[in-house]
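Welcome, and please open your viewer with the model loaded. We will walk through it one selection at a time.

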Amino acid sequence: MMNRGSTALTYLPTTTAAVIAPAISYDRANSLYGVLSEPAATNSLLQSNTIDSASWTKVTLTVTANDAVAPDGTTTADKLEDASAAAFGSLDQAVAIAADTTTRVLSVYFKKDLTAAHYSRIRMRYSGSATKAASIVVSVATGVISANSETTNLVSSQSESVGDYWRFSIVSTNDGANTALQAWFDPAFNTDGTGTGAVATTGVVHIWGVQIETGTVATSPIPTYAATATRAADLNTVLTSAMPFGVAGTGIIHFRARQASATGVPAMALFGIGTNAGDYTFVDSVGGTGGYRWTSFPFGGQIFSPAS
């Protein structure tokens with residue numbers, strides 16, 4: 001099978017013709033959202049799925065490569081084991097950043113372990129000027145974010161159930177002076193879920209898909225190897241003339257935006273009856289329930305849903 005991107009995806013059978021389809025997004029209960037349309041994004045970390053590589057610094061930690069099936073169906077999730085009761089086990093990677101006030105999001109997949117009694121810490125640590133950090137304490141048994149152990153630069157955090165994994169994300173903002181950012185993990189931080197670590201804690205976590213990108217929302221995983229990687233913005237196009245009764249009239253689009261518009265509410269770009277890219281019209285939330293919004297469009301042209 002041949003698919004887009006640098007990682008082999010789950011097998012999709014074909015017969016006499018290729019199967020070409022847009023990415024589909026699902027919610028936490030595995031209910032269908034619809035076509036996934038995302039902005040361009042760059043994963044600043046190296047070896048995002050190869051934690052045993054030299055790009056990652058390990059302290060009192062054993063890494064077993066390719067130990068479990070990952071969210072994409074490949075056996076590429078690595079096991080992190082902190083077996084020492086005398087020292088904290090940690091994993092980290094530092095990336096160079098500008099001395100800016102940019103907001104970034106760190107995301108990671110941890111495999112669910114319903115029997116786990118320990119909590120893990122996920123941390124964004126800034127350095128180069130005045131060291132600052134934002135971190136969360138999470139449970140791989142329940143997916144609960146139980147504490148924020150460092151809140152200096154913390155903006156928000158999120159836990160999402162993705163099949164056999166939890167996807168945790170943490171958002172923080174640089175202070176305008178620091179020039180390095182570490183993605184930092186303590187697999188066995190404590191057993192009480194507080195913001196205070198307990199050195200005697202031991203435990204195992206399976207990890208996959210580590211990512212740092214700009215923005216406030218973690219986008220789809222962008223695998224990296226020896227260099228950073230960028231995913232181009234999605235641009236979905238639909239000819240309204242191909243729709244039933246698409247010659248004239250008005251249609252309705254239901255959509256769910258993960259990013260906010262300049263006005264702070266969900267937005268989607270629509271291209272109506274014009275013929276130029278400059279004819280985009282950004283439409284703010286019009287109505288809808290359950291996180292979905294709707295807006296109308298005229299038949300006779302095209303609809304574009306760029307991720308922006």
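Here is a short tour of a predicted model, going from its nonpolar cores to two loosely related backbone spots.

**Stop 1: the largest core.** Begin by selecting Leu106, Phe110, Ile122, Phe185, Ile207 and Val210. The largest nonpolar core has 29 residues, and these six touch the most other members.

**Stop 2: the strands around those residues.** Now show β7 (90-96), β8 (103-111), β9 (119-127) and β10 (132-139), then add β13 (165-173), β14 (180-190) and β15 (203-214). Each of these strands supplies at least two residues of the core. Which strand gives the largest share? That is β15, with four residues.

**Stop 3: Phe185 and its contacts.** Center the view on Phe185. Leaving aside residues up to four places away in sequence, Phe185 touches Leu106, Val108, Phe110, Arg121, Ile122, Ile207 and Val210, and also Trp56, Gly89, Ser90 and Leu91.

**Stop 4: a second core.** Next, select Ala68, Ala70, Ala77 and Trp208. They are among the six residues of a second core, separate from the one you just visited.

**Stop 5: Thr60.** Move to the loop between β4 (57-59) and β5 (62-68), where you will find Thr60. Its phi is near 50 degrees, a positive value in a residue other than glycine. Is Thr60 buried, exposed or partly exposed? Thr60 is partly exposed, with a relative accessible area of 37%.

**Stop 6: Asn66.** Finally, select Asn66, which lies in strand β5. Phi of Asn66 is also positive, near 50 degrees, and this residue is not a glycine either. Asn66 is partly exposed, at a relative accessible area of 44%.

Conventions:
Residues numbered from 1 in each chain as written. Predicted model: local features only at pLDDT ≥ 70, side-chain atom pairs only at ≥ 80, totals over all residues. Heavy atoms only, no water. Core = buried A, V, L, I, M, F, W, Y, C linked by side-chain atoms within 4.5 Å. Buried < 20%, exposed > 50% of the residue type's maximum accessible area, 1.4 Å probe, protein only. Contact = heavy atoms within 4.5 Å.
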